[in-house]
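Please open the structure in your viewer and keep the sequence panel beside it, since each stop on this tour asks you to select something and then look at what surrounds it.

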Amino acid sequence: MKIPRFVTKEAVLWAAIAAVLLVVTPGAALAEVSIYDNNGWSIAFDGRTAGFYSYGFGDSTPHLPNGQPSTGGLIWTGFTTQPAQDPAMCTMGGFANGKPCTFTASRIHSGFVGNIFGFTARHKISENLMVTGRIALWWPIETDQYRGFSSMSPDPRESYAKLEGPWGNVLFGRTLGLHDRGSTLVDYYYADGSSIGSPCNVTQQGPLCGHIGYGYQFPGYNAGIIYSTPLASGFQLSAGIYDPVRIGLSAVLLSILSYPRVESEATYTLKSDRLFFTLYGNGMWQQAKGFIDATPLTANAYGVSGGGRIEFMGLKLGGGANFDVGGGDLSGLVGDVPIDRAGKLRHVTGFMGQAMYSTASWDFSAGAGETRVQETSDDVTRGLSVIKTRLGFNGTINYRLDSSVVFNAQYFRAQHVFWLGEKQALNFIHGGMTFTW
């Protein structure tokens, strides 16, 4: 779109604001809405809005099969909620009147991917040099369940500048991390991109989890500097340094971070009219130091993951696996799971698989994934019950009104098992709509 010379910069700014406020007509599905394109400069908006009804039921807290109280503290990223029974009767081992305490809950959620407003500016400096700036704000729609308002602030998930040329590209800012990014994309494209998966919790505000913690570790949106090579016969290498994070949480916290976290990824992609095929492999390393009872400690966390996706004639298959030293049950490095109370990093493995079949208007998909956490000798000595396995299943149906509007129905089931025998089963039924532009 050409802008006449007499139009001022202020006018362009107000036109941009007006474009945000206008109602976008369904059916005009765009990857982004361009509002300015002239003299090597372009400005565009993109966005996503969604709402889902979610009904959950199952065990309100992990419990031993015999109804006895747990002999040790639970080490995990908890999923506990208000039981349907009298809470005073559910304090001993998660049982009341000889039966496990259960919950039922209704929520309105925004989805695995939050509601988004994105702003992208590009400037073609020369024939061989392009710079891109992007800011994307995310926020969920849940209220606080006490009053009809929300105190949450927008979350700037993406904020970066990227310079591109024949030599590849280098990105400065915040974007999705490289380690386990491939499994996140499998989850997004073939399972939860237009749904919820695991809601993480039923009483708090978002964000939501999809299959995170059920087969892969969430890579996070991280501040970093990342270089990617140009595509060469389908191959691409990416490597970056990232703002390091403190390892651990309450019992042990390593917060001396002398070096950046390092992540890298190699991908191979083949595309044709009927076939799409991609493989990925990536890795991560970070060092953190601290003290336990005045004794200095140095921990080197690392991880690897790999997998791929293939699409042919409406059939889409994807899967991945990971191994992490310092991994968590949801996300590596942070929380109580990655490190024990003696300062030893726990070993975590995961694997997931997802299948989807798509027609002109429908998607039918199903898949499963499991995350496994290894207990340590210190856990055994202290009698702590560490999360052992998180197993998740999903079945999903999407109906595309057009390329911008998707209606969704999904069933998600989770099963948690702990090293000292506690168990928990959760069920969720979701349904809603997503609009992207």
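Begin by selecting Phe412, which is buried, with a relative accessible area of 0%, where buried means under 20% relative accessible area, exposed means over 50% and partly exposed lies in between, for a 1.4 Å probe and protein chains only. The model is a predicted one, in which local features need pLDDT of at least 70 and side-chain atom pairs count only at pLDDT 80 or more, while totals for chains, interfaces and linings use all residues. Residues are numbered from 1 along each chain as its sequence is written, and side-chain values use heavy atoms, with hydrogens and water left out.

Keep Phe412 selected and add the residue that pairs with it. The structure holds 15 aromatic pairs, counted when the ring centres of Phe, Tyr or Trp (its six-membered ring) lie within 6.5 Å, with planes under 30 degrees apart called stacked, over 60 edge-to-face and the rest tilted. The rings of Tyr214 and Phe412 have centres 5.4 Å apart and planes at 75°, so this pair is edge-to-face. The pair links distant parts of the chain, 198 residues apart, with Tyr214 in the loop between helix 2 (181–192) and strand 11 (221–228) and Phe412 in strand 22 (residues 405–418); helices (H or I, at least four residues) and strands (E, at least two) are DSSP runs, numbered from the N terminus. Tyr214 also counts as buried, at 1% relative accessibility.

Stay with Tyr214 and add Arg390, whose charged end sits over the ring of Tyr214, 4.7 Å from its centre; the rule is that NZ of Lys or CZ of Arg is within 6 Å of the ring centre and within 35 degrees of the ring normal. For another such arrangement, select Lys388 and Trp419, where the charged end of Lys388 sits over the ring of Trp419, 4.6 Å from its centre.

Next, select Phe45, Phe117 and Phe119, which ring pairs link into a cluster. From Phe45, move to Val33, which lies in strand 1 (residues 33–38) and counts as partly exposed at 23% relative accessibility. Which residues is Val33 in contact with, leaving aside its neighbours within four places in sequence? They are Ile43, Ala44, Phe45 and Trp437, where contact means heavy atoms within 4.5 Å. Val33 and Ile43 are 10 residues apart in sequence, and their C-alpha atoms are 8.6 Å apart in space.
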